[in-house]
Amino acid sequence: MQILLQKGPLVIRRAEKSDVPAITKLIQALALYEKAPEQCFATDELIESSVFDRGEAQVLMAEYGGEVAGMALYFYNYSTWKARKGLYLEDLFVYPEMRGKGIGKTLILTLGKMAAAEGCGRFEWCCLDWNTPSINFYKSLGAKPMDEWTIYRLEGEALQKLAEEGE
């Protein structure tokens, strides 16, 4: 087990394959919190394959008092303007009963230290516009919203149609 930080009852560590069921449960709890459980298709098999077998993402686990408290799932992207990689936080989630203990902040700080140590040009993430507690938390850390950018997404049928047009 690779522990990155231990502060009292809080432990931040790199996830291992044995954490897959806990990661899946955290992702499903996040989907419920974000009011979109029907859009979550994460399974233990998919998480194990994509994160641990293919290395498409990485996960930091947070434990508090020996219990799983939360996670940060991230991956690296690339900035052409900065001409170097960036760290992208896909999901940060702490169980509601574990909030207020500094767990989310410690996960963000750990990722920020990693990004700086690895020479990342950016550390970015998205936040739902209705999630005021998270928005206020991120702003308190010095993060700035990128209001002039709009995220575009292709998925499902639209992605398949685009792929077929390229043939």
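Let's start with Asp53: at a relative accessible area of 47%, Asp53 is partly exposed. Keep in mind throughout that this is a predicted model.

**Salt bridges**

Asp53 pairs up with Lys17 in a salt bridge, with 2.9 Å between the closest N and O atoms. Asp53 sits in helix α2 and Lys17 in the loop between β2 and α1, so this pair ties together parts that are 36 residues apart in sequence. Lys17 also forms a salt bridge with Glu48, and there the closest N and O atoms are 3.7 Å apart. Glu48 is in helix α2, so its pairing with the loop residue Lys17 links parts 31 residues apart in sequence. As for exposure, Lys17 is partly exposed at 41% relative accessibility, and Glu48 is partly exposed at 31%.

Arg13 and Asp19 make another salt bridge, at 2.7 Å from N to O. Here the partners are tucked away: Arg13 is buried, with a relative accessible area of 4%, and Asp19 is buried too, at 7%. The structure holds 6 salt bridges.

Here are the three pairs described so far:

| Pair | N to O distance |
|---|---|
| Arg13 and Asp19 | 2.7 Å |
| Lys17 and Glu48 | 3.7 Å |
| Asp53 and Lys17 | 2.9 Å |

Salt bridges with shared partners also join Arg13, Asp19 and Glu63 into one network.

**A buried acid without a partner**

Which side chain of opposite charge is nearest to Asp91? That is Arg153, but Arg153 is 9.2 Å away, and the buried Asp91 has no salt bridge. Asp91 is found in strand β5, which covers residues 84–94. Setting aside sequence neighbours within four places, Asp91 is in contact with Leu30, Met71, Ala72 and Leu73.

**The nonpolar core**

Met71 shows up again in the largest nonpolar core, which has 36 residues. The members touching the most other members are Ile23, Val59, Leu60, Met71, Ile103, Leu107 and Leu111. Two or more residues come from each of β2 (10–14), α1 (20–33), α2 (44–53), β3 (58–64), β4 (67–79), β5 and α3 (103–117). The largest share, 6 residues, is from α3. As a rule, nonpolar side chains in soluble globular proteins tend to be buried together.

Ile23 is in contact with Ala15, Ile47, Phe52, Val59, Met61 and Met71, leaving out neighbours within four places in sequence. Next along the chain is Thr24, placed in helix α1. Is Thr24 buried or exposed? Thr24 is buried, because its relative accessible area is 4%, and buried means under 20%. Beyond residues up to four places away in sequence, Thr24 touches Ala42, Thr43, Asp44 and Ile47. Ile47 is thus on the contact lists of Ile23 and of Thr24.

**Helix α3 and what packs on it**

Helix α3 has 15 residues and reaches 21 Å from its first C-alpha to its last, close to the 21 Å expected at 1.5 Å a residue. Its buried residues are Ile103, Gly104, Thr106, Leu107, Ile108, Thr110, Leu111, Met114 and Ala115. Some useful background: an α-helix has 3.6 residues a turn, so residues three or four places apart point the same way. After α3 comes Gly119, with a positive phi near 75 degrees.

Leu141 lies in the loop between α4 (132–140) and α5 (156–165). Leaving aside neighbours within four places in sequence, Leu141 is in contact with Lys105 and Ile108. Leu141 and Lys105 are 36 residues apart in sequence, with their C-alpha atoms 8.5 Å apart in space. Leu141 itself is partly exposed, at 31% relative accessibility.

**Positive phi outside glycine**

Lys35 is not a glycine, yet has a positive phi, near 60 degrees. Lys35 lies in the loop between α1 and α2 and is exposed, with a relative accessible area of 61%. Ala83 is another non-glycine residue with positive phi, near 55 degrees. The place of Ala83 is in the loop between β4 and β5, and at 52% relative accessibility Ala83 counts as exposed.

**Cysteines**

How many disulfides does the structure hold? The count is 0. For Cys120, the nearest cysteine sulfur is that of Cys126, 17 Å away. Cys120 is buried at 13% relative accessibility. The sulfur of Cys126 is 8.7 Å from its closest cysteine sulfur, in Cys127, which is too far for a bond. Cys126 is partly exposed, at 42% relative accessibility.

Terms used: Residues numbered from 1 in each chain as written. Predicted model: local features only at pLDDT ≥ 70, side-chain atom pairs only at ≥ 80, totals over all residues. Heavy atoms only, no water. Helix = DSSP H or I, 4+ residues; strand = E, 2+ residues; numbered from the N terminus. Buried < 20%, exposed > 50% of the residue type's maximum accessible area, 1.4 Å probe, protein only. Lys, Arg positive; Asp, Glu negative; His and termini not counted. Salt bridge = Lys/Arg side-chain N within 4 Å of Asp/Glu carboxyl O. Contact = heavy atoms within 4.5 Å. Core = buried A, V, L, I, M, F, W, Y, C linked by side-chain atoms within 4.5 Å. Disulfide = S-S within 2.5 Å. Expected span 1.5 Å × (residues − 1).
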